[in-house]
Amino acid sequence: MKKEVDREELPNTAAFQDEFTRSLLDSPEEVEDGYYLYKSETGGYSMLWPKNAVTDGPPFYQKTKDSFEKIIFYDRKEEENYRYSFSTTYSTYGESIIDSSLGILSESVGYDGEYEKIETEKTRIYYAKSEEPLEHSTAYLYFGYILSKESQKGLEYVYSAQCIDKSKTNCDINIKKEEEKALHYMKTVKFNKDE
């Protein structure tokens, strides 16, 4: 939201009640049920933003001119015993350094395997998933590198779903549904054409 508005008039969602997160979002109108549209100030891309996801300022949000942007955002509900986290990194290197980009992504999530290539009309997604055992839970990671077919723009996308404490009975992560969600997030990323 590029202008300040009265909090009372805002949607009662975590994203719009948090001042910093609200400053990043374009409109309080949902573009899909449960999602707002995030349009990057780099001018390079847009993506879905879950209505209850928030981010803090730097270092969780970083931007360098129009060529780089990193955002770490999350949706955490103690009473429902879950935590979703997202990490996106936008750059303008594109296909030219895809092997290096995938190497960096693999290292950041501790993955040692192949990527599946998924084609959409305007993007190419290198996609993989893994599980990370934690002390009180398991994190299910879904990650990929999304490339524009029309430019050198790319977005590293990491989505993680986990129960905060798996010993509690309300730990209910459906890994098939979470993968569907992750793929939907990645397939709906849109890159803007270069002017």
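**Pocket lining.** I started with who lines the largest pocket in this predicted model. Strand S9 supplies the largest share of that lining, 4 residues. I then listed the other contributors: S4, S5, H3, S8 and S9 each put in at least two residues. The lining comes to 15 residues, and Ser108, Val109, Glu132, Leu141 and Val158 lie nearest the centre. I noted a volume of about 230 Å³ for this pocket.

**The sheet.** Next I wanted the strand order. I read it as S3-S4-S5-S9-S8-S7-S6, an open sheet of 7 strands with antiparallel pairing. Which strands stand at the edges? They are S3 (61-64) and S6 (116-119); each has a single partner strand, so one side of each has no neighbour in the sheet. I also jotted down the twist, which averages 15° from one strand to the next.

**One strand pair.** I zoomed in on S4 (residues 68-77) and S5 (residues 82-91). They run antiparallel and are joined by 10 bridges. For a register marker I took aspartate 75, which stands opposite tyrosine 84 in S5.

**Helices on the sheet.** I checked H3 (residues 98-109) and found that it lies across S7 (123-133), S8 (138-148) and S9 (154-163). Its direction is at about 165° to S8. Helix H4 (residues 175-187) lies across S5, S6, S7, S8 and S9, and I got about 25° for its angle to S8.

**Cores.** I pulled up the largest nonpolar core, which has 38 residues. Which of its members touch the most others? My list reads Tyr38, Met47, Trp49, Leu155, Tyr157 and Tyr159. Strand S9 turns up again here, giving the most to this core with 5 residues. Apart from this core lies another one of 13 residues, including Leu102, Leu105, Tyr111 and Tyr126.

**Leucine 155.** I looked up its contacts, skipping residues up to four places away in sequence. Leucine 155 touches Tyr45, Met47, Thr88, Thr89, Tyr90, Gly144, Tyr145, Ile146, Val189 and Phe191.

**Serine 46.** Last, I picked a residue in strand S2 (residues 45-50), serine 46. Buried or exposed? I have its relative accessibility at 11%, and the cut-off for buried is under 20%, so serine 46 counts as buried. Leaving aside neighbours within four places in sequence, I found serine 46 in contact with Leu37, Tyr38, Lys39, Thr188, Val189 and Lys190.

Notes. Residues are numbered from 1 along each chain as its sequence is written. This is a predicted model: local features need pLDDT of at least 70, side-chain atom pairs count only at pLDDT 80 or more; totals for chains, interfaces and linings use all residues. Side-chain values use heavy atoms; hydrogens and water are left out. Two strands pair if DSSP finds at least two bridges between them. Axes are lines fitted to C-alpha atoms, for helices over the stretch in contact, and angles run from 0 to 180 degrees between N-to-C directions. Contact means heavy atoms within 4.5 Å. A nonpolar core is a set of buried Ala, Val, Leu, Ile, Met, Phe, Trp, Tyr and Cys residues joined through side-chain atoms within 4.5 Å. Buried means under 20% relative accessible area, exposed over 50%, partly exposed in between (1.4 Å probe, protein chains only). On a 1 Å grid over the protein atoms alone, a cavity is a set of points where a 1.4 Å probe fits but cannot get out, and a pocket is an open set with protein on both sides within 12 Å along at least five of seven lines; lining residues have an atom within 4 Å of a point. Grid points are joined across faces, edges and corners, and a volume is the space filled by probe spheres set on the points.
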